[in-house]
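Reader: I have the coordinates open beside me. Could we go through them together?
Author: Certainly; please begin wherever you like.

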Amino acid sequence: MFNKIIRPRRLRISENMRALVRETNLTAKDFVYPLFVVPGKNVREEIPSMPNCYHLSVENAVELAKKISALGIPAVEIFGLPEYKDEIGSAAWDMNSPVQRAISAIKKAVPELVIVGDVCLCQYTSHGHCGKLCGAYVDNDETLKLLQKVALSQAQAGADIIAPSDMMDGRVAAIRTALDENNFSNVVIMSYAVKYASAFYGPFRDAADSAPQFGDRKQYQMDCANAREALKEVELDIAEGADIIMVKPALAYLDIVGKVKEKINNPVAVYNVSGEYAMVKAAAQNGWIDERRIVLESLTAMKRAGADIIITYHAIDAAQWI
């Protein structure tokens with residue numbers, strides 16, 4: 001008599017057997033590490049709500065970039081705190097600002113490292129919103145002109161990828177036009193196409209000093225309840241010239257990552273955001289979880305859901321653990 005029992009456990013019997021049939025493989029090449037650059041020299045200050053993440057002066061950011069590249073991580077994303085703020089965020093396209101100087105210095109020191117420039121205005125404006133205000137409303141079309149300036153300044157500094165995170169309508173087309181008209185047709189656009197108005201951004205707003213001075217960002221970032229809207233945003237950004245599509249945050253939106261991956265042929269990125277990172281760190285510090293296992297399981301879930309690129313503050317640790 002034939003044995004009718006189906007035995008999937010045979011393929012789980014040993015570590016090598018599990019590795020042989022593993023469907024999703026996480027590597028350091030999947031990661032982008034975010035850097036926070038600040039004015040001054042010899043600055044290396046831990047961000048209180050993001051343990052093991054630091055505000056770095058440009059020369060210290062360069063040294064960390066060298067370590068990141070040596071670990072096999074292929075890219076960094078540069079965020080920065082400016083020396084001054086104003087109503088329109090003009091420091092965002094100042095070539096003497098920390099972001100532009102860091103892009104240039106890192107590209108010179110580690111030319112093989114892919115550099116992503118975050119294009120937004122919130123950390124540069126005195127009011128903390130992501131564009132030019134008209135009363136309490138962020139003026140979409142006037143903001144596009146400012147975003148073009150930011151993107152061009154970062155491309156001129158040496159950025160390989162421009163990543164607009166502001167969620168203004170039409171910003172991908174505006175930035176693509178500006179880049180192409182200024183001989184930067186090979187600069188990639190990684191659009192924050194699906195960026196939700198999320199509570200998971202709290203620690204980042206401390207890190208980047210970018211909390212809005214009034215109201216919130218729900219008039220331009222997406223409602224967390226919406227999925228069909230995400231696909232609409234993706235379709236629009238691809239039509240405008242986006243090369244890579246991002247979903248942000250990651251863990252609470254893996255269903256959206258899966259839907260986007262099924263819909264498009266472009267690479268899909270996720271941002272494993274500051275709140276997701278901080279929760280893991282806090283629980284690990286209290287001895288409630290195994291940090292290594294939790295981190296690798298979470299990052300694997302992002303890749304399994306469809307992410308080709310994972311922007312994460314865990315990248316340095318995860319690259320070493322892998």
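Reader: Which residues does Lys-281 touch, not counting residues up to four places away in sequence?
Author: Lys-281 touches Pro-51, Asn-52, Glu-291 and Asp-317 when residues up to four places away in sequence are not counted. Please bear in mind that this is a predicted model.

Reader: Where does Lys-281 lie, and is it buried or exposed?
Author: Lys-281 lies in helix H9, residues 274-285. Its relative accessibility is 5%, so Lys-281 counts as buried, the cut-off being under 20%.

Reader: One of those partners is Asn-52. What is the sign of its phi?
Author: Phi of Asn-52 is positive, near 70°, in a residue other than glycine. Asn-52 is found in strand E3, residues 50-56, and counts as partly exposed at 42% relative accessibility.

Reader: And what about phi of Asn-42?
Author: Asn-42 has a positive phi of about 55°, although it is not a glycine. Asn-42 lies in the loop between E1 and strand E2 (44-47) and counts as exposed, at 68% relative accessibility.

Reader: Let us step back. How many helices and strands does the protein have?
Author: The secondary structure comes to eleven helices and twelve strands. The radius of gyration is 20 Å, close to the 20 Å that the globule rule gives for 322 residues, so the protein is as compact as a globular protein of that length.

Reader: What box do the C-alpha atoms fill?
Author: Taken along the principal axes, the C-alpha atoms fill a box of roughly 80 × 45 × 40 Å.

Reader: What share of the residues is buried, and how much area is exposed?
Author: Buried residues make up 54% of the 322 residues. The protein exposes about 14900 Å², and carbon and sulfur atoms supply 50% of that area.

Reader: What share of the contacts comes from residues far along the chain, 24 or more positions apart?
Author: Among contacts with a separation of 6 or more, residues 24 or more positions apart account for 74%.

Reader: And the charges: how far apart are their mean positions?
Author: The protein has 36 positive and 40 negative charges, and their mean positions are 9 Å apart.

Reader: Turning to aromatics, how many pairs are there?
Author: The structure holds seven aromatic pairs. In one of them, Phe-36 and Tyr-313 are stacked, at 6.2 Å centre to centre with 10° between the planes.

Reader: Which parts does that pair tie together?
Author: Phe-36 lies in strand E1 (residues 31-37), and Tyr-313 in the loop between strand E12 (309-312) and helix H11 (315-321), so the pair ties together parts that are 277 residues apart in sequence. Phe-36 counts as buried at 2% relative accessibility, and Tyr-313 counts as buried at 4%.

Reader: How are the rings of Tyr-196 and Tyr-253 arranged?
Author: Their centres are 4.3 Å apart and their planes at 15°, so that pair is stacked; the angle cut-off for stacking is under 30 degrees. Tyr-196 lies in the loop between strand E9 (188-195) and helix H6 (202-207), and Tyr-253 in the loop between strand E10 (244-248) and helix H8 (254-263), so the pair ties together parts that are 57 residues apart in sequence. Tyr-196 is buried, with a relative accessible area of 0%, and Tyr-253 counts as buried at 8%.

Reader: Which residues do ring pairs link into a cluster?
Author: The cluster consists of Phe-36, Phe-79, Tyr-192, Tyr-271, Tyr-277 and Tyr-313.

Reader: Back to the loop between E10 and H8. What does Ala-252 touch there?
Author: Ala-252 is found in that loop and touches Phe-200 and Glu-276, not counting residues up to four places away in sequence. Ala-252 is partly exposed, with a relative accessible area of 43%. Ala-252 and Glu-276 are 24 residues apart in sequence and 9.1 Å apart in space, C-alpha to C-alpha.

Reader: What joins Lys-248 and Pro-249?
Author: A cis peptide bond joins them, with omega about -5°. Pro-249 also has its place in the loop between E10 and H8.

Reader: Last topic: which residues of H8 are buried, and what covers them?
Author: In H8, Leu-254, Ile-256, Val-257, Gly-258 and Val-260 are buried. Their cover includes E9, helix H7 (228-240), E10, strand E11 (268-272) and helix H10 (291-305).

Note on methods. Residues numbered from 1 in each chain as written. Predicted model: local features only at pLDDT ≥ 70, side-chain atom pairs only at ≥ 80, totals over all residues. Heavy atoms only, no water. Helix = DSSP H or I, 4+ residues; strand = E, 2+ residues; numbered from the N terminus. Rg over C-alpha atoms; globule rule 2.2 N^0.38 Å. Buried < 20%, exposed > 50% of the residue type's maximum accessible area, 1.4 Å probe, protein only. Contact = heavy atoms within 4.5 Å. Areas by Shrake-Rupley, 256 points an atom, 1.4 Å probe, with all protein chains shown as cover. Lys, Arg positive; Asp, Glu negative; His and termini not counted. Charge placed at Lys NZ, Arg CZ, Asp CG, Glu CD. Phe/Tyr/Trp six-rings, centres within 6.5 Å; stacked < 30°, edge-to-face > 60°.
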